[in-house]
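Reader: I am new to protein structures and would like to learn how to read one feature at a time. Could we go through an example together, slowly?

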Amino acid sequence: LLLAVHFAQHADIDSLSILTSIHATIIHDEILLRILLTHLPETERPATYVGFLQKLVDHSFEPCQLTGLDTSPVNSIDDNEAAKRATKLHLLPLVFRNPSDIAQGDALSRFLFLRIHQMNEETGMLAQLLDLLLPFGRHNPGIHKWAMSTVIPYVRKGLQYRTGTSPAYSLIEFEELPDHQAVDFLLCPVDSRAQPRENVDHDLRSIIGP
């Protein structure tokens, strides 16, 4: 586990893939996802690790040899010390209450939900949210519904803002808005000097449509 944490902290996904292949029966999927959620830098582009997530879900890692892995970060730690450190990792749980159809889903669905919020809250990586979510849009009905009804409209609206300007609401705040306020936010002109919108149906379709 300590080596997996080290690779995640340094965004060394290639080495993490090798480690996962070698110890697939020991390092379970949910533990790996919790390690990524806790230690993978939020600024890491999803393109770096989406392939890893796909292999994790499909259990399609290619067989690898330990000789191709740099284990030097943990070579000096004996088994007893490693066990002690492992119990103190305090990995973030893949747990939340709502939406229940995702909260009760598989580990990847829960990871995606939490990671998307983590990216948005910590770094405002708005343009990157869909890069992580869309490859798994059909993985779970709850994820698909959440993407179509919430994340995609939010991202499309947010990308209308000037560079360096954040949307009025974070993603989690947007999710908690009453329906009428959410619609007002999506339709409100980004430029406060803009004229009121006349074609509301067209504007709404441009944000929430396919």
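Reader: In which helix is the place of serine 17?

Author: In this predicted model, serine 17 lies in helix α2, which covers residues 13-22.

Reader: Does serine 17 count as buried or exposed?

Author: The general idea is that a residue is called buried when its relative accessible area is under 20%. Serine 17 has a relative accessibility of 16%, and therefore counts as buried. Leaving aside residues up to four places away in sequence, serine 17 touches Phe52 and Phe61.

Reader: How many residues of helix α8 are buried, and what follows for the helix?

Author: Here the reading passes from one residue to a whole element. In helix α8, residues 126-133, six of the eight residues are buried, so the helix is largely enclosed by the rest of the structure. Those buried residues are Leu126, Gln128, Leu129, Leu130, Leu132 and Leu133.

Reader: What span does helix α9 reach, and where is its kink centred?

Author: For a helix, one can compare the span with an expected value of 1.5 Å a residue. Helix α9, with 18 residues from 141 to 158, reaches 25 Å from its first C-alpha to its last, close to the 26 Å expected. A kink of about 45° in α9 is centred on alanine 147, and alanine 147 is among the buried residues of this helix, as are Trp146 and Thr150. At the start of α9, a side-chain oxygen of asparagine 140 comes to within 2.5 Å of the backbone nitrogen of glycine 142.

Reader: How many helices and strands are there in the chain?

Author: The chain has 12 helices and zero strands, and of its 210 residues, 42% count as buried.

Technical notes: Residues are numbered from 1 along each chain as its sequence is written. This is a predicted model: local features need pLDDT of at least 70, side-chain atom pairs count only at pLDDT 80 or more; totals for chains, interfaces and linings use all residues. Side-chain values use heavy atoms; hydrogens and water are left out. Helices (H or I, at least four residues) and strands (E, at least two) are DSSP runs, numbered from the N terminus. The expected span of a helix is 1.5 Å times one less than its number of residues. The bend at a residue is the angle between axes fitted to the seven residues ending there and the seven starting there. Buried means under 20% relative accessible area, exposed over 50%, partly exposed in between (1.4 Å probe, protein chains only). A polar contact is a pair of N or O atoms within 3.5 Å; within protein, one must be able to donate a hydrogen and the other to accept it, and residues adjacent in sequence count only if both atoms are side-chain atoms. Contact means heavy atoms within 4.5 Å.
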